Amino acid sequence: MRRTLLLFILLGACAVLRAQTQFTIPSHFRSGVSDTLTQQVVNALDQLLASMRHELPDAELIDTCNAGLHQSFIADLAWNISSDAVAPVHAQLISLNPIDRNRMLLTLLYSKGDEVRRIVTLLVRSTPRIVFASPLEYNTATWRRKRIGTLTFIYPDTIDIARAESFERKNVTMAGKLGLPVRHWDVYQCQNYQQILQLQGFYYEATSNGLINSGAILDPRTIFTVMGDEDFSHDVLHCYA
């Protein structure tokens, strides 16, 4: 009887190991949540990354609140899938920590050979099914918000209202001149590009290491400015054109 029970346990462990194919879990991994919930998150993450091999991320595994933002963020997580058979990019799950009863932060480390390429953190919700999201809203939860027409500005301390209103007028004018619907934007005012990455959960990004004076636009409606600038109209013009 004991031998039979041990055999079932070993078979179960092997099944779990075989099911997890998109990343590894190192021996130093520690989770701050229960073993049952940890396994649920591991299985869901593996399924999410596997779904991106030949198609878009599995929408059932993405948080539906502000889904466009989360889809753009999560679509980049398939970076561990590499065509370089000699030195593929490899992903490791290094931590899973609770925020509150239903939310966790999950961190992945990507490496290529001996070189660390990326460290990224995702927000995980248990609803009770497991869904994944960008940590942007969590990381800016204490920031201030001000809506000006078609734009919502998210900023840590102060805002130049005159420049913000000028940007809003330009946004409406550009759309009108091109005969296109006016786009509504969430505008995050950041200090530099490294802060933009960190707010999105990319705590290290080898290809952008040291990059400072660059903003970003994340489809479908998120703008990141640098040096606290309220006017990003030049770059928004490319979105309309």
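A salt bridge is taken here as a side-chain nitrogen of Lys or Arg lying within 4 Å of a carboxyl oxygen of Asp or Glu. In this predicted model, Arg163, Asp229 and Glu230 are linked by such salt bridges into a network. Within that network, Asp229 pairs with Arg163, and their closest N and O atoms are 2.7 Å apart. The pair connects distant parts of the chain, since Asp229 belongs to the loop between strand 11 (222–225) and helix 7 (233–240) whereas Arg163 belongs to helix 5, 66 residues apart. Asp229 counts as partly exposed because its relative accessibility is 28%, and Arg163 is likewise placed as partly exposed by its relative accessible area of 35%.

The count of salt bridges comes to 8. Another of these joins Arg125 to Asp63, with 2.3 Å between the closest N and O atoms. Here too distant parts of the chain are linked: Arg125 is in strand 4, and Asp63 is in the loop between helix 2 and helix 3, 62 residues apart. The two partners differ in burial: Arg125 is partly exposed, at a relative accessible area of 24%, while Asp63 counts as buried, at 7% relative accessibility. Strand 4 also supplies Arg118, which forms a salt bridge with Glu205 at 2.9 Å between the closest N and O atoms. Glu205 is in strand 9, and the two residues are 87 residues apart. Arg118 is buried because its relative accessible area is 3%, and Glu205 counts as buried because its relative accessibility is 8%.

Strand 4 can now be followed through its pairings. Strand 3 (residues 103–112) and strand 4 (residues 115–126) run antiparallel and are joined by 10 bridges. In this pairing Leu109 stands opposite Ile119. The hairpin of strand 3 and strand 4 has 2 residues between the strands, and Gly113 takes a positive phi near 65° there. Strand 4 is also joined to strand 9 (residues 202–205) by 3 bridges, again in the antiparallel sense, and Ile119 stands opposite Tyr204 in that pairing. With strand 5 (residues 130–133), strand 4 pairs antiparallel over 4 bridges. The hairpin that strand 4 and strand 5 form has 3 residues between them. Arg125, already met as the partner of Asp63, stands opposite Val131 in strand 5.

The nonpolar interior comes next. The largest nonpolar core holds 43 residues, of which Val41, Ile74, Leu77, Leu106, Leu108 and Phe132 touch the most other members. Two or more residues are given to this core by each of helix 2 (35–51), helix 3 (67–74), strand 2 (89–98), strand 3, strand 4, strand 5 and helix 6 (193–199). Helix 2 gives the most, with 7 residues. Val41, apart from its neighbours within four places in sequence, is in contact with Leu96, Met104, Leu106, Val124, Ile130 and Phe132. There is also a second, separate core of 15 residues, which includes Phe153, Met174, Trp185 and Tyr240.

Nonpolar residues also appear at the surface. Leu178, Leu180 and Leu237 make a nonpolar surface patch of about 230 Å². Leu180 is found in the loop between helix 5 (161–178) and strand 8 (185–189). Leu180 is partly exposed, because its relative accessible area is 36%.

Conventions: Residues numbered from 1 in each chain as written. Predicted model: local features only at pLDDT ≥ 70, side-chain atom pairs only at ≥ 80, totals over all residues. Heavy atoms only, no water. Pairing = 2+ DSSP bridges. Patch = residues over 30% accessible without salt bridge, like charges linked within 9 Å, V, L, I, M, F, W, Y side chains within 5 Å. Areas by Shrake-Rupley, 256 points an atom, 1.4 Å probe, with all protein chains shown as cover. Buried < 20%, exposed > 50% of the residue type's maximum accessible area, 1.4 Å probe, protein only. Core = buried A, V, L, I, M, F, W, Y, C linked by side-chain atoms within 4.5 Å. Contact = heavy atoms within 4.5 Å.
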